[in-house]
2 protein chains.
Amino acid sequence: MPNPEPSDFLPHIAYDSVVFGFSGEKLKILLMEYHKTGWFALPGGFVGINDSLDNAVQRGLRERTGLDEVYLEQFYTFGSMERFKPEVMMKIMEPFGYEDKDQWLFKRFISVGYYALINYEEVEPKPDKLSDSIGWYEVDHLPELILDHNFIVQKALNHLRTHLDQKLLSVNLLPELFTMKDLQQVYEAILGEELNRANFQRKILSLDILERHEKLFSGGSHKAPFLYSFKK
Amino acid sequence: MPNPEPSDFLPHIAYDSVVFGFSGEKLKILLMEYHKTGWFALPGGFVGINDSLDNAVQRGLRERTGLDEVYLEQFYTFGSMERFKPEVMMKIMEPFGYEDKDQWLFKRFISVGYYALINYEEVEPKPDKLSDSIGWYEVDHLPELILDHNFIVQKALNHLRTHLDQKLLSVNLLPELFTMKDLQQVYEAILGEELNRANFQRKILSLDILERHEKLFSGGSHKAPFLYSFKK
DNA sequence: TACTATTGTCTCACTGCGAAACAATAAATC
DNA sequence: GATTTATTGTTTCGCAGTGAGACAATAGTA
């Protein structure tokens with residue numbers, strides 16, 4: 001197995017990414033699973049010696065999701081001593097065997113946290129070399145993650161919630177065309193609370209960021225809603 | 001000169017701190033000056049191999065300001081390639097001479113940005129080993145700083161402004177007792193705009209975070225204002 | 001044809017905020 | 001000691017935004 005060469009990466013520095021997707025009702029994130037151990041972890045990686053931090057994360061994301069231009073935001077850097085647990089990484093590496101040159105993987109790491117927002121439907125996640133599966137998990141029902149990864153997700157969610165209004169985050173979580181109800185469900189999933197339908201509609205429309213299309217979505221036994229897209 | 005030993009610190013990782021103080025009218029920050037070069041820089045440092053990131057910053061701040069429990073907040077991590085300019089660090093080190101073991105200082109660094117809020121009057125800043133002076137500079141009139149340090153200050157200011165209301169940041173910028181006008185001046189200095197006096201008073205009082213003391217401040221030729229302190 | 005579920009819009013009361021005005025008062029001036 | 005000046009504490013008015021509820025419109029179902 002082609003383990004990364006230590007000389008290719010900055011030592012002691014890693015990133016972890018919280019990849020958010022929205023599947024119609026629930027907010028979900030991508031998790032890697034190491035079957036040999038039964039452990040779950042955030043998709044992460046290292047910073048190449050000639051890569052900017054942002055590029056390193058972007059590249060890791062592309063490899064796992066195939067997406068090229070995703071909404072990416074750095075939210076916090078984790079540097080406590082509690083997150084230094086070499087035995088965890090050793091256990092994960094064990095099935096592959098490790099050599100002297102892999103020792104750098106078991107050193108202390110400071111990790112920069114990023115989150116991404118992607119369109120759930122456009123993605124066929126691919127596991128990386130160390131993990132044998134990758135999948136979507138509801139943020140409300142996450143399994144226990146290695147190290148401080150549960151904490152990292154909480155921090156990411158917090159950041160996302162408090163910046164929801166400033167940026168048009170939902171652009172990245174929905175398909176091109178959507179109904180007002182779809183958009184409301186995204187907001188509700190992120191905020192974790194229900195919103196008043198009439199007031200939500202009024203507020204969003206007043207922002208003047210949506211284009212209304214005359215093609216109506218139909219299928220339900222009731223009045224057909226308008227379809228919208230974001231203005232460019 | 002006792003340069004830091006490379007084995008004591010995590011390589012490639014640094015921090016830079018933006019230390020805000022308020023001097024009655026203006027918002028200022030601490031800058032180090034390297035007289036031999038005429039360059040200004042943010043007070044920064046490295047992370048000890050047994051130090052958490054937070055502790056490393058706290059320690060560096062204690063050494064330079066003497067303050068022990070300051071308000072500290074991490075706001076962004078800088079990892080672009082543009083900030084890798086070994087000649088800058090070499091020039092700064094030059095007057096002290098450097099040996100083989102100092103080579104790690106000229107490598108690429110990823111820097112974690114923190115800002116601190118401190119009471120201007122309680123502090124007698126001390127320069128560190130490399131810089132021969134340290135002083136306060138108005139954020140509105142900063143000199144040119146090395147590397148991306150001007151950009152780092154901008155990011156810090158932004159973060160401070162957008163989080164002004166959520167946290168009681170001004171607690172740390174004022175003495176124990178203060179007038180409503182003092183508090184308003186802190187807000188105005190941070191936001192960089194003037195606020196309506198009556199509305200500011202109404203809003204702050206409605207937050208129910210201040211204790212009003214009957215001891216009046218006097219000295220001006222006009223009605224004496226109340227003194228306030230923050231509720232604990 | 002009547003019914004049901006959902007949608008688009010409107011109304012009403014309440015809150016919060018900008019702007020301006022008014023009354024109170026500590027020190028300075030006459 | 002009376003008057004003036006500068007600043008403070010509080011109130012008022014108008015406007016915009018928001019929460020909660022109501023009403024009419026309509027695509028499919030019974």
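Colleague: Which base atom of DNA strand C does the backbone of B:K223 approach, and at what distance?

Modeller: Happy to start there, with the note that this is a predicted model, in which local features need pLDDT of at least 70, side-chain atom pairs count only at pLDDT 80 or more, and totals for chains, interfaces and linings use all residues. Residues are numbered from 1 along each chain as its sequence is written, chains are lettered from A and ligands numbered from 1 in the order in which they are written, and side-chain values use heavy atoms, leaving out hydrogens and water. A backbone N or O atom of B:K223 pairs with a base oxygen of DNA strand C, and the distance is 3.0 Å.

Colleague: Which element gives the most residues to the surface near DNA strand C?

Modeller: Here, near means that a heavy atom of the residue lies within 4 Å of the strand. Helices (H or I, at least four residues) and strands (E, at least two) are DSSP runs, numbered from the N terminus. With 4 residues, the top contributor is α5(A).

Colleague: What distance separates a phosphate oxygen of DNA strand C from a polar backbone atom of A:F226?

Modeller: A:F226 is among the residues that come nearest to this strand. Its polar backbone atom and the phosphate oxygen are separated by 2.7 Å.

Colleague: How much of chain A is buried?

Modeller: Chain A has 5 helices and 9 strands. Buried means under 20% relative accessible area (1.4 Å probe, protein chains only). Of the 232 residues in chain A, the buried share is 48%.

Methods:
Polar contact = N/O pair within 3.5 Å; in protein donor to acceptor, adjacent residues only side chain to side chain. Buried < 20%, exposed > 50% of the residue type's maximum accessible area, 1.4 Å probe, protein only.
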